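Trainee: I'd like a close look at one part of this model, please. Pick a spot, start from a single pair of residues, and work outwards from there.

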Amino acid sequence: MQHVKVPQDRIGVLIGAGGETMREIEDRAEVRLDIDSESGSVGIDSVGDPVAGMIAPDIVRAIGRGFTPEAALSLLDHDLRRFELVDLAAETRNKNDLQRQKGRLIGENGRTRELMEDLSGAEVVIKGTTLGIIGQPEEVKAVRRAAGMILDGAPHGAVYSFLERKHNELHGAPDLSPPTGGAEESR
C-alpha cells in the first residue's frame, strides 16, 4: 500500500459528490482508496492491473495539487501522459520572491498560465509552492522550460515566442501567408 498526503481543502474534491470521484478513481485505476479526511492521508492499494495501480498515486497527488479530477484521470488515457511538479520554493530566494515569481507565472488575469496551457497542450496548475503539469512528455518539457525562463527573469514576450515556436513544432501551424503566384492569381 502506498500513502499520499492531500491538503485539507482538496479532500472534498478527491472524494467528490457522494463519493463519485473516489469511486471513478478506484474503478479506472483498479485500486482501493482509504481516505482519512482528518489527516489528509490517502492509502492506495492496488487490486487489479498493476500498471494502472502505479498511476493512481499521481492521480491522487494531481487532485491534491489543484487539478480537476478529469485532468488527473487523463493520466490513464495514454501510456506516455505524465504528471510533474516544479517546486517553486526551491527556485526562489524567500517568501516575497516566491509570491513575485508565482505572480509572473500566473500573469495578469491568469494569462501567462493560460498561454502555457494553450500553446503547449498540457494542463497547468499553480498552487501553494508548486507548479503542476499534466501532459505528453514534449508538452511537459515545454512548460518546464517556459516556467524556467520566467523564473530566470526572461521577459514574458520572449517566453510567449518560445511557446509559440514549441506549439508550431508539436501541433503544426496553419499557413497564414498569402498565396504566391499560383493559379488563382493568373486569371
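**A strand pair and its surroundings**

Mentor: Start with Lys 127, which has Thr 130 of β6 standing opposite. Before we go further, remember that this is a predicted model, where local features need pLDDT of at least 70 and side-chain atom pairs pLDDT 80 or more, while totals for chains, interfaces and linings use all residues. Numbering starts from 1 along each chain as its sequence is written, and side-chain values use heavy atoms, with hydrogens and water left out.

Now zoom out from that pair to the strands. β5 pairs with β6 (residues 130–135) in the antiparallel sense, over five bridges. Strands and helices here are DSSP runs (E, at least two residues; H or I, at least four), numbered from the N terminus, and pairing takes at least two DSSP bridges. Go one step further out and you meet an open sheet of three strands, ordered β4-β6-β5 and paired antiparallel. β4 and β5 (123–127) stand at the edges with a single partner strand each, so one side of each has no neighbour in the sheet. From one strand to its neighbour in this sheet, the average turn is 15 degrees, direction ignored.

What packs on this sheet? That would be α7, which touches β4, β5 and β6 and whose direction makes about 155 degrees with that of β6. Contact means heavy atoms within 4.5 Å. Angles run from 0 to 180 degrees between N-to-C directions, with axes fitted to C-alpha atoms, for helices over the stretch in contact.

Follow α7 (residues 137–151) and you get to α5 (residues 95–106): their axes come within 10 Å and cross at roughly 130 degrees. That makes α5 and α7 oblique to each other. On the scale used here, under 35 degrees is roughly parallel, over 145 roughly antiparallel, 65 to 115 roughly perpendicular, and the rest oblique. If you want to find the contact on screen, pick Gln 101, Arg 104 and Leu 105 on the α5 side, then Ala 147, Ile 150 and Leu 151 on the α7 side.

Back to β6 for a moment, since one of its neighbours in space is worth a click. Ser 74 sits in the loop between α4 (69–73) and β4 (82–87). Leaving out residues up to four places away in sequence, Ser 74 touches Arg 81 and Ile 134. Is Ser 74 buried or exposed? Buried, because its relative accessible area is 10%; under 20% is buried, over 50% exposed and in between partly exposed (1.4 Å probe, protein chains only).

Now walk along to Leu 75 and Leu 76: Ile 55 is in contact with both of them, setting aside its own neighbours within four places in sequence. Ile 55 and Leu 76 are 21 residues apart along the chain, yet their C-alpha atoms are separated by 7.2 Å. Ile 55 counts as partly exposed because its relative accessible area is 24%. Ile 55 belongs to helix α3 (residues 50–64), and that helix takes us to another sheet.

α3 lies across β1, β2 and β3, and runs at about 170 degrees to β3. Those three strands form an open sheet in the order β1-β3-β2, with antiparallel pairing. β1 (2–5) and β2 (31–36) are the edge strands, each pairing on one side only. Neighbouring strands are turned by 25 degrees against each other on average in this sheet, direction ignored. Between β2 and β3 (residues 41–46) there are six bridges, in the antiparallel sense. Look for Arg 32 there: its bridge partner in β3 is Asp 45.

α3 also packs with α2 (residues 20–29), at an angle of about 155 degrees and with the axes 9 Å apart. α2 and α3 are therefore roughly antiparallel to each other. From α2, the contact uses Thr 21, Ile 25, Arg 28 and Ala 29; α3 brings Ala 52, Gly 53, Ala 56, Ile 59 and Ile 63.

Finally, the whole chain. There are eight helices and six strands, and from the N terminus on they run β-α-α-β-β-α-α-β-α-α-β-β-α-α. The C-alpha atoms fill a box of roughly 70 × 45 × 25 Å along the principal axes. Of the 187 residues, 42% count as buried. Take the contacts between residues at least 6 apart in sequence, and 57% of them join residues at least 24 apart.
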